[in-house]
Amino acid sequence: MLKPGEAYHVAGPNGISKTSLMRILAGLLRPFSGQVKRTGDVALLDERSALDPQVSLGKALAFWADLDGVGQHERHACTDHVGLTDLLDVPVRFLSTGQRKRAALARMQGQQAPIWLLDEPLNGLDAAGVALTEIMVADHCAGGGIVVVASHQPMALPMARTLELAEFIP
Amino acid sequence: MRRDLALLMPGGKRGGSILPLLFFLAVAMLYPFAVGPDAQLLARTGGGVIWVAALLAAILPLDRLVAPDLEQGVFDQLALRGISEELALAVRMAAHWFSFAPLLLLATILAAALLSLDGETLRKVLLGLLAGTPGLAAIGVMIAALTAGLRGGVALSGLLLIPLAVPILIFGAGSLSRPDGAGIALAAAISLVLVAIAPFAGGAAIRAAREG
């Protein structure tokens, strides 16, 4: 149970079904038992950026921004925030793993959903990117959002409670 | 829709190339060489050849239709925004049709000249293709969604296509040998049924691929 402004850090070794749990929380998979109750939209960040590799980063992000009804000003703010403003004309396929992850972060921030599900958000990010993600999560919680992070890496999230999945194995 | 079109149109970003069209014209060009230059024979069989070539041209881009979006998680992200797989596939189907059918109809006029079809036959082929191509697009999207999550999906596409496309082909190409337009009307009816069920069948397939 998470109230607005709270966060969970789902931890555990590889293969313990962190990703499955995230997909169940997002409503993409059905749980075998139990149920998920949530109020508000949910944004998911996972291994796949969902950005078309062939088009420029700006256009790929604009597709989702149009769907989410994001204004021009916020779009700039989002890409600026993750440090990708200079790369908007570059096709997504030329971006590095870390840059794609940053782009996905920008996409998720633009979605303006109150619930964030981050599945291994730190993969491929450099030290500055990790710090950026931690700040984004902290800001989101401070603004009354809910965050669930699944990561096998340690993250500096002072407000988050840790959920060790290994403790729940029957 | 705009994104889908930009990706799929000839010269589009997803290599939605001009290849199906060239393939279609190549068949029309090579067929006379294969069966000999007998104008009567060509005129009699030409309509059917155009139909088969159109069918094959419609399935050439299948592996790029749905699979890349499934791999990149686009359908997942759409689902989170409350856009169902059915809607996404209906849009995809329309974009797929626009990407091959209008140009195919134009190319048919060229192919008819190569196969020495008379004006009446050409009119019937064009009307028939207009009625049948939405069905072909629907079959394409359905098969693409069904095979998107599978290994060797392309090989399976070919097998799946045969039973699904036979009705359209029977009535569409069959209309050429009948004086009335019944065949075209039936091809159009089958097209409508396929267009109606394809988004639902494809949507179910994508959700099933997610569980797998």
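User: I'm starting with chain A: in what pattern do its helices and strands follow along the sequence?
Analyst: Chain A reads β-α-β-α-α-α-β-α-β-β. Here helices (H or I, at least four residues) and strands (E, at least two) are DSSP runs, numbered from the N terminus. That gives five helices and five strands in chain A. This is a predicted model, where local features need pLDDT of at least 70 and side-chain atom pairs count only at pLDDT 80 or more, while totals for chains, interfaces and linings use all residues. Residues are numbered from 1 along each chain as its sequence is written, and chains are lettered from A and ligands numbered from 1 in the order in which they are written.

User: Why is chain A said to be as compact as a globular protein of its length?
Analyst: You compare its radius of gyration, taken over C-alpha atoms, with the globule rule, 2.2 Å times the number of residues to the power 0.38. For the 170 residues of chain A the rule gives 15 Å, and the radius of gyration is 16 Å, close to that, so chain A is as compact as a globular protein of that length. Its C-alpha trace spans about 50 × 30 × 30 Å along the principal axes.

User: Okay, over to chain B. How do I describe two packed helices?
Analyst: You give the angle between their axes and the distance between the axes. Axes are lines fitted to C-alpha atoms, for helices over the stretch in contact, and angles run from 0 to 180 degrees between N-to-C directions. In chain B, the axes of α6 (residues 85-114) and α7 (residues 119-147) come within 9 Å and cross at roughly 145°. Among the residues making the contact are Trp97(B) of α6(B) and Pro134(B) of α7(B); being in contact means that C-beta atoms, placed from the backbone, lie within 7 Å.

User: And which residues of α2(B) are buried?
Analyst: Pro20(B), Phe24(B) and Ala28(B) are. Buried means 20 or more other C-beta atoms within 10 Å of the residue's own (exposed is 12 or fewer, partly exposed in between; C-beta atoms are placed from the backbone). Their cover includes α3 (39-59) and α6 of chain B. Just after α2(B) comes Gly36(B), with a positive phi near 95°.

User: Last one: how many residues of chain B are in contact with chain A?
Analyst: 14 residues of chain B, and they meet 15 residues of chain A. On the chain B side, α1 (2-8), α5 (74-80) and α9 (182-211) each give two or more residues, with α5(B) giving the most, five.

Definitions and conventions
Contact = placed C-beta atoms within 7 Å.
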